[in-house]
Amino acid sequence: MMTVPIVIDFEASGFGKGSYPIEVGFSRRHGEGWCTLIRPEADWQHWDIHAARIHRIPREILVERGKSASLVTEQLNILLAGLTVYTDGWTQDYVWMARLFDAADRVPNFRLADLREIITPQQEGLWHATKHQVQEDLNISRHRASNDARILQMTWLRTYDAVRCHG
């Protein structure tokens, strides 16, 4: 029997070279969310105004309220120890996670995996419409890491159940 996957998401300063994580959040197996802002390291200077329009987190708030890379990685390692966590943007999220853990001189003690590893072709066929419905049902207005993780997790769960029930 498949268990509900833990889904993680990163918000970042932008895309591509020089970008860094500004927020990380995940949704646990029973839907409980965890999220934290990340204070930029001294050499993390890249800031993309287009990305900022999406996540709406001012850099000043990160500096003021964000947690250090050391504290964030410690918390992630405690909360996710030995688990596999899934992301829908593995290529980019892996880079941001690596940048975060490198800054703290730590290694993750959990596995980051591509959500596509556990999505069947039947689920994939239902994904877009189901995700749209989940977004409407949850009525989440803020584009934040834990919210995005919850949307993905619920989409996975609903498509999994639909395929299982209707074959």
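How many bridges join strand β4 to β5, and do the two run parallel or antiparallel? The legends below take up this point and others in a predicted model.

**Figure 1. The pairing of β4 with β5.** Four bridges join β4, residues 84-87, to β5. The two strands run parallel. Within this pairing, Val85 of β4 stands opposite Leu112 of β5.

**Figure 2. The five-stranded sheet.** Five strands form an open sheet with mixed pairing. Their order is β3-β2-β1-β4-β5. The edges are taken by β3 (33-37) and β5 (111-114). Each edge strand has a single partner, so one of its sides lacks a neighbour in the sheet. From one strand to the next, the twist averages 30 degrees. In general, strands of a sheet pair through backbone hydrogen bonds, parallel or antiparallel.

**Figure 3. Helix α4 packed on the sheet.** Helix α4 covers residues 90-103 and packs on the sheet. It touches β1, β2, β4 and β5. The direction of α4 makes about 75 degrees with that of β1. At 1.5 Å a residue, the 14 residues of α4 should span 20 Å. The end C-alpha atoms of α4 are 19 Å apart, which agrees with that expected span. After α4 comes Asp105, with a positive phi near 55 degrees.

**Figure 4. Two faces of α4.** Buried residues in α4 are Asp93, Trp96, Met97, Leu100 and Phe101. Seen down the axis of α4, the buried residues fall within an arc of 130 degrees, so they line one face of the helix. The cover over these buried residues includes β1, β2, α3 (69-80), β4 and β5. On the face of α4 turned away from the buried side sit Thr91 and Asp102, which are exposed.

**Figure 5. The surroundings of Ser13.** Ser13 lies in the loop between β1 (6-12) and β2 (21-27). Is Ser13 buried or exposed? Ser13 counts as buried because its relative accessibility is 0%, and the cut-off for buried is under 20%. The Ser13 side chain reaches the backbone oxygen of His46 at 3.3 Å. Leaving aside residues up to four places away in sequence, Ser13 touches Gly18, Ser19, Tyr20, Ile22, His46, Trp47, Asp48 and Ala51. His46 is thus named twice in this view: as a residue touched by Ser13, and as the owner of the backbone oxygen that the Ser13 side chain reaches.

Key
Residues numbered from 1 in each chain as written. Predicted model: local features only at pLDDT ≥ 70, side-chain atom pairs only at ≥ 80, totals over all residues. Heavy atoms only, no water. Buried < 20%, exposed > 50% of the residue type's maximum accessible area, 1.4 Å probe, protein only. Polar contact = N/O pair within 3.5 Å; in protein donor to acceptor, adjacent residues only side chain to side chain. Contact = heavy atoms within 4.5 Å. Pairing = 2+ DSSP bridges. Axes fitted to C-alpha atoms, helices over the stretch in contact; angles between N-to-C directions. Expected span 1.5 Å × (residues − 1). Arc of directions from axis to C-beta.
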